[in-house]
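Welcome! Here are a few exercises to work through with the sequence and the 3D view side by side. Try each task yourself before you read its solution.

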Amino acid sequence: MAKKETSGAMSGLRAPRRSTAITIAVILAVVVLPVLSALLGGYERTSGGEIAVVRNGGFFDNNKIRQVIDPGSGRTWVGLYSKVHKYPAQQRFYTITSDADKGDESGVDVVTVPSSDGVNMGIEGTLYFTLNQDHQSLKEFDDKYGTRKFRSANGKTYSPFDGDKGWSAFLDQIVRPVIDNDLRSQVNSFRCAELVSSCALVQNASAPPQQRNARTGAVVPESNNGNIAKVQNAINTSLAADLQSTLGGRFVTNIHFNLVRVTLPEKVQDAVDRAQAAFAQVSEAQAKVATARAEAAANKARQDGYNKCPTCARIEELKALPQGITVYAPGNPNGSLLPRR
């Protein structure tokens with residue numbers, strides 16, 4: 001009987017201990033671990049290529065901007081449950097190109113704009129810029145755009161701080177239309193031949209008199225490097241003002257657009273290629289005519305010399321004899337050349 005009573009008492013002691021352990025485990029899981037995780041997550045830092053805007057995010061807190069963390073920071077206390085929006089702090093670029101593997105938009109991406117004489121030209125280039133790192137400007141940028149999502153080429157929506165995909169989605173929807181509009185307004189002030197010299201080969205009717213050859217009336221191809229530089233400089237000037245106006249603040253700085261290439265529509269380019277081939281054939285024919293005239297002039301000069309000096313003609317005939325001929329008999333009815341025996 002004593003053993004049974006002892007066993008029952010020990011069993012009664014174990015039951016409270018188990019319930020206490022379970023209670024402590026529940027408290028740790030529900031209270032301590034989340035608090036510890038929040039405390040550890042309350043610290044943040046930035047790398048050398050990013051700058052961060054911190055917004056409050058606690059249960060009883062507002063959602064206002066708390067602080068800005070400069071690039072390359074150490075561990076910084078940002079508060080419990082705060083939201084950190086990290087943006088690029090180094091120079092960025094936006095590329096427009098026909099190369100499907102290099103453009104910022106998927107697939108072939110070329111801005112097509114008409115010239116002043118109505119030729120649609122493909123413009124390729126790269127926009128270089130830097131996000132303004134002034135704290136007040138960055139806070140305004142985050143208020144305007146960091147609280148929104150933008151649709152990317154794959155159909156998904158991202159915030160500008162969601163890595164490269166988010167930043168590209170923001171550029172595609174907000175910055176790209178400004179670039180297109182500036183290119184259209186600047187390129188439209190030039191004729192096709194002023195930007196692509198080969199346009200002159202297929203646009204004889206549209207060129208002004210000062211661009212024509214005075215003798216033939218054909219359009220004279222001109223050097224277009226200077227005009228491309230004018231377009232590029234004009235875009236650099238207008239883009240800064242247009243981006244500030246469109247974005248609602250001076251959020252991007254160090255703006256520079258590099259115009260890489262101007263292309264023609266496929267049909268126009270085919271016409272240019274055919275014209276160039278035709279000009280090549282004409283040049284070849286002219287070269288043959290010039291060669292024939294030169295040969296005729298040489299023969300005439302040579303014959304005039306022989307007429308004045310018959311002996312010289314005989315000497316030239318002897319020089320022209322094949323090797324092995326020992327007797328030269330021009331009056332021989334069987335032949336004027338007798339071979340050696």
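A residue is called buried under 20% relative accessible area, exposed over 50%, and partly exposed in between (1.4 Å probe, protein chains only). This is a predicted model, in which local features need pLDDT of at least 70, side-chain atom pairs count only at pLDDT 80 or more, and totals for chains, interfaces and linings use all residues. Residues are numbered from 1 along each chain as its sequence is written, and side-chain values use heavy atoms, with hydrogens and water left out.

**Exercise 1. Find how the rings of Phe141 and Phe170 are arranged.**

Step 1: Recall the rule. Rings of Phe, Tyr and Trp (its six-membered ring) pair if their centres lie within 6.5 Å; planes under 30 degrees apart are stacked, over 60 edge-to-face, and the rest tilted. The structure holds 14 such aromatic pairs.

Step 2: Apply it. The ring centres of Phe141 and Phe170 are 5.4 Å apart and the planes stand at 90°, so this pair is edge-to-face.

Step 3: Place the pair in the chain. Helices (H or I, at least four residues) and strands (E, at least two) are DSSP runs, numbered from the N terminus. Phe141 sits in helix H2 (residues 135–146) and Phe170 in helix H3 (residues 163–187), so the pair links distant parts of the chain, 29 residues apart.

Step 4: Check the burial. Phe141 has a relative accessible area of 1% and is buried; Phe170, at 2%, counts as buried too.

**Exercise 2. Classify the ring pair of Tyr145 and Phe150, and find the cluster it belongs to.**

Step 1: The centres of these two rings are 6.4 Å apart and the planes are at 35°, so the pair is tilted.

Step 2: Tyr145 and Phe150 are both buried.

Step 3: Follow the ring pairs onward. They join Tyr87, Phe129, Phe141, Tyr145, Phe150, Phe161, Trp167, Phe170 and Phe251 into a cluster.

**Exercise 3. Which parts of the chain do the salt bridges of Glu50, Arg55 and Glu124 link?**

Step 1: Start with the idea. Side chains of opposite charge can pair when their charged atoms come close. A salt bridge here is a side-chain nitrogen of Lys or Arg within 4 Å of a carboxyl oxygen of Asp or Glu, and the structure holds 7 of them.

Step 2: Take Glu50, whose side chain meets that of Lys86 in a salt bridge (3.6 Å, N to O). Glu50 is in strand E2 (residues 50–55) and Lys86 in strand E5 (residues 83–88), 36 residues apart. Glu44, Glu50 and Lys86 are linked in a network of salt bridges.

Step 3: Move to Arg55, which has a salt bridge with Asp142 (2.5 Å, N to O). This one connects strand E2 with helix H2 across 87 residues. Arg55 and Asp142 are buried.

Step 4: Finish with Glu124, bridged to Arg261 (3.5 Å, N to O). Glu124 lies in strand E8 (residues 120–131) and Arg261 in strand E11 (residues 252–263), so the pair ties together parts 137 residues apart in sequence. Glu124 is buried at 5% relative accessibility, whereas Arg261 is partly exposed at 43%.

**Exercise 4. Where around the axis of H2 do its buried residues lie?**

Step 1: List them: Ser137, Leu138, Phe141, Asp142, Tyr145 and Gly146 are the buried residues of H2.

Step 2: Look at the arc, taken from the directions from the helix axis to the C-beta atoms. These residues cover an arc of only 140° around the axis, which puts them on the same side of H2.
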